[in-house]
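Please open the structure in a viewer and keep the selection panel at hand. The stops below proceed from the ligand to its pocket, then to a cavity and to two points of the backbone.

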Amino acid sequence: MSRTIGIIGVGEIASAIVEGSCASGDHPGFFLSPRNAERSARLASDFDRVEVCESNQDVVDRSDHIIVSVLPQQTESVLSALDIPSDRTLISAITGVSVEALSPLLPQKPSIVRVIPLPPVRERQGVTAVYPDHPQVEEFFDVLVGTVVAETEQLFSTLSATTATMSAYYAYLQTIADWLVSQGWGRVDADRIIRGQFAGLGNKLSTTDSSFADLVAGHETPGGLNEMLHREWMDENNVAALSTSLDRVFARVTGKD
Ligand SMILES: NC(=O)c1ccc[n+]([C@@H]2O[C@H](COP(=O)([O-])OP(=O)(O)OC[C@H]3O[C@@H](n4cnc5c(N)ncnc54)[C@H](OP(=O)(O)O)[C@@H]3O)[C@@H](O)[C@H]2O)c1
């Protein structure tokens with residue numbers, strides 16, 4: 001990957017990318033938008049070869065590859081104010097904005113690559129979706145632990161849908177902890193118990209290649225308690241509701257809702 005990466009939209013996900021990348025001494029140089037003065041200044045003071053630029057255009061002028069990670073509704077105003085030459089690569093982390101929608105905002109036709117980086121890139125544990133394939137972009141995100149390249153933009157968008165399941169996962173844990181509290185446990189202990197239980201399962205995921213089906217089978221005894229809760233709670237209706245919700249998020253990220 002080029003030694004110069006610009007970032008416009010130095011928010012949550014961009015900070016995670018910079019922090020994950022800079023965890024190794026051998027990281028590219030970063031040029032940051034000045035918009036989020038405090039956050040950009042902190043990153044620049046925490047890491048070598050991270051600089052805050054004078055303007056978004058200055059970011060473009062000094063970088064070979066530019067990660068744009070603003071909110072979808074900010075895309076047009078941010079990109080239309082910039083002159084991005086054809087020899088640059090625009091790496092868009094913006095959710096739900098297609099290559100077709102980005103192209104008219106980039107009259108000089110830089111390469112466009114869409115990515116879905118996830119918060120665990122901060123700990124170098126996030127697999128980043130990439131579309132279309134781009135060896136230098138893949139090389140950069142591979143360091144943050146890996147990439148998966150989508151063959152089509154439709155397939156890429158299915159991953160936007162599945163990343164929408166993260167807060168529901170925490171809400172599931174919260175609901176279990178809330179039940180313990182309703183039974184008389186204090187909040188601190190209830191949270192600690194559930195955290196410990198699921199942190200162990202999370203570690204297991206990162207250390208095994210077992211299929212999900214095998215993991216399910218491995219964590220329930222026929223006729224046992226896990227199987228009972230699994231079957232009772234995740235019944236046909238519940239499974240169908242999750243599937244329908246994924247369909248609806250997919251429709252939204254592909255502009256079809
Ligand atoms: N967070 C995630 O886990 C995640 C994962 C994958 C993809 N994404 C996508 O990545 C994008 C950013 O998400 P985020 O969670 O990082 O949001 P965020 O924390 O709100 O970051 C967006 C940043 O863009 C800045 N910005 C807005 N207008 C700008 C401009 N004209 N010039 C320069 N910077 C500007 C915002 O600054 P102000 O605060 O001053 O407005 C803000 O710091 C979104 O499209 C999101 O869907 C996020």
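How many nonpolar, polar and charged residues does the shell around the ligand have? The shell has 11 nonpolar, 8 polar and 2 charged residues; here Ala, Val, Leu, Ile, Met, Phe, Trp, Tyr, Cys and Pro count as nonpolar, Asp, Glu, Lys and Arg as charged, and the others, Gly among them, as polar.

Before proceeding, note that this is a predicted model, in which local features need pLDDT of at least 70 and side-chain atom pairs count only at pLDDT 80 or more, while totals for chains, interfaces and linings use all residues. Residues are numbered from 1 along each chain as its sequence is written, and side-chain values use heavy atoms, with hydrogens and water left out.

**Stop 1: the ligand**

Select the ligand and the 21 residues that surround it, each with a heavy atom within 4 Å of it. The closest are Glu-12, Arg-35, Asn-56, Val-70 and Thr-95.

Next, display the polar contacts (pairs of N or O atoms within 3.5 Å; within protein, one must be able to donate a hydrogen and the other to accept it, and residues adjacent in sequence count only if both atoms are side-chain atoms). At Thr-95, a polar side-chain atom lies 2.5 Å from an oxygen atom of the ligand. A polar backbone atom of Ile-13 is 2.9 Å from a ligand oxygen, and an N or O atom in the side chain of Asn-36 is 3.0 Å from a ligand oxygen. On its own the ligand has 890 Å² of accessible area, of which the protein covers 75% (Shrake-Rupley method, 1.4 Å probe; for residues, only the protein chains shown count as cover).

**Stop 2: the pocket**

Hide the ligand and view the space it takes, which is the second largest pocket. A molecule sits in a pocket or cavity if more than half of its atoms lie within 2 Å of its grid points. On a 1 Å grid over the protein atoms alone, a pocket is an open set of points with protein on both sides within 12 Å along at least five of seven lines, a cavity is a set where a 1.4 Å probe fits but cannot get out, and lining residues have an atom within 4 Å of a point.

This pocket holds about 990 Å³ of space. Its lining comprises 36 residues, and those closest to its centre are Val-70, Leu-71, Pro-72, Ala-93 and Thr-95. Colour α1 (12-21), which supplies the largest share of the lining, 4 residues.

**Stop 3: the cavity**

Now select Ala-93, Ile-94, Thr-95, Gly-96, Arg-114, Val-115, Ile-116, Phe-156 and Ser-160, which line the largest cavity. About 40 Å³ of space lies there. β6 (111-116) and α7 each supply at least two residues of this lining, and β6 gives the most, with 3 residues.

**Stop 4: the backbone**

Finally, select Tyr-131 and Pro-132, which are joined by a cis peptide bond with omega of about -10°. Pro-132 lies in the loop between β7 (126-131) and α6 (135-142). Then move to Arg-49, in the loop between α2 (37-46) and β3 (50-52); this residue has a positive phi of about 55° although it is not a glycine.

How values were computed. Grid points are joined across faces, edges and corners, and a volume is the space filled by probe spheres set on the points.
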